[in-house]
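User: Hello! Could you take a close look at one part of this model for me, and walk me through the surroundings of a single side chain?

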Amino acid sequence: MVSPSDAPALSVEDVRAAQKTLSGVARTTAMEGSRHLTSLVGSPVHFKCENLQRTGSFKLRGAYVRIAGLTHEERSRGVVAASAGNHAQGVALAASLLGVASTVFMPEGAPLPKVAATRDYGAEVRLHGQVVDETLHAAREYAQQTGAVFIHPFDHRDVVAGQGTLGLEILEQCPEVRTIVVGVGGGGLLAGIAVAVKELRPDVRLVGVQAEGAAAYPPSLSAGAPVTLESVSTMADGIKVGRPGDVPFKIIGDLVDEVRTVSEDALSSGLLLCLERAKLVVEPAGASPVAALLSQPDAFEGPVVAVLSGGNVDPLLMQRTLRHGMAAAGRYLSLRLRLTDRPGALAALLQELSVVDANVLDVSHVRTDPRLGLDEVEVELHLETQGPEHCTGVADTLRAAGYTVVPTR
């Protein structure tokens, strides 16, 4: 077996060959401008909308190129993969298009819409394990027992070349680009884009983005070799990877200018911006470049292209993430105050709130706290507001009306 360090370096010609393989299979996804981010950054910002790709993410590109490169004998044995979502769907559709049997192992807690979509694309789905590492182990065991070819989500030259076709499209659609921002898990997408872009436009700055709770690349790049994190935690399951892939790590170390991290609040705010301002459904991993731009807009030279890598978000996660994003954006206000326990006191308070257009989501009365006087009641309010300035205005109005306001988290 040839190690990554001994294998021939990937080149833009490999990516161009992958682009030919994908002709008629993968869509050339749209490039959309973002006026809000453009105003923040001070130069044009564009979204590369890979959330609109077939199967809802970029994963189809690498999976199809990888399976298309198998020999007839390898194809006859079928393919197997492990994934919680995007890679599963990419492998399932790619295998179906190429007439290859596919088996996909998914965690037992995988969102039902992703499981259903993977089956609909033609794969046999097997639920195994509680986390992706357990699922991955089961898929490798299956490959050893049956002879099926294991399709890695990012750690293979063909996969990286397939993902790199995104870089060629970006240069064609936005030839004036100065910075490309890409979410990073194992690194296949960023590495592929780097191979395509740096050979043709070495002046373009490439920035990878990881979630703070799953950021294996910064310590790995410092150490000069892939480092495995002891634990990973982030809502962005598409980039929730504890160790860089060997193949992409070398490319990223050689060609990528920077890998930075973003908080969970920033990820939520990025997803909310995509939905509200761009009318695009994007999963948290796909919103990571937007999160980076929101966190430090003056750090990016424009024109900027932010790659929205996927849009497969579970509705329940979307609901939770949007609430988190609205809270991070100052769109919710929680506060406590004390009232005289008499008829009409709460109605008077609510009247004050109606004057300042604060929407009451929840009201909680506390009468039994020993800290309260005999004639007192404590009220906790959860309000929907228009943003941080509105929150301040609401609190100021209540204080002016004589209420003692105690903000809560």
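Analyst: Happy to; here is a walk around Arg243, followed by a short look at the cysteines and one helix pair. This is a predicted model, in which local features need pLDDT of at least 70 and side-chain atom pairs count only at pLDDT 80 or more, while totals for chains, interfaces and linings use all residues. Residues are numbered from 1 along each chain as its sequence is written, and side-chain values use heavy atoms, with hydrogens and water left out.

Arg243 sits in the loop that links helix H10 (217–223) to helix H11 (246–255); helices (H or I, at least four residues) and strands (E, at least two) are DSSP runs, numbered from the N terminus. With a relative accessible area of 32%, Arg243 is partly exposed, a class that falls between buried (under 20%) and exposed (over 50%), using a 1.4 Å probe and protein chains only. Its side chain makes a polar contact with the side chain of Asp246 at 3.1 Å. Such a contact is a pair of N or O atoms within 3.5 Å; within protein, one must be able to donate a hydrogen and the other to accept it, and residues adjacent in sequence count only if both atoms are side-chain atoms.

Leaving aside residues up to four places away in sequence, Arg243 touches Phe154, Gly186, Ala216, Pro226, Val227 and Thr228, where contact means heavy atoms within 4.5 Å. Phe154 belongs to the loop between strand E6 (149–150) and helix H8 (157–173). Phe154 is buried, at 13% relative accessible area. With the same sequence neighbours left out, the residues touched by Phe154 include Arg243, Pro244, Gly245 and Pro248, and also Gly186. Gly186 is thus among the contacts of both Arg243 and Phe154.

Now for the cysteines. A search of the whole structure finds zero disulfides, a disulfide being a pair of cysteine sulfur atoms within 2.5 Å. For Cys174, the nearest cysteine sulfur is that of Cys49, 13 Å away; for Cys274, the nearest is also that of Cys49, at 8.5 Å. Cys174 is buried at 1% relative accessibility, and Cys274 is buried at 0%.

Last, the helix pair. Helix H5 (residues 86–97) and helix H6 (residues 112–120) pack at an angle of about 15°, their axes 8 Å apart. That makes H5 roughly parallel to H6, because angles under 35 degrees count as roughly parallel. Where they meet, Ala88, Gln89 and Ala92 in H5 face Lys114, Ala117 and Thr118 in H6.

Methods:
Axes fitted to C-alpha atoms, helices over the stretch in contact; angles between N-to-C directions. Parallel < 35°, antiparallel > 145°, perpendicular 65-115°, else oblique.
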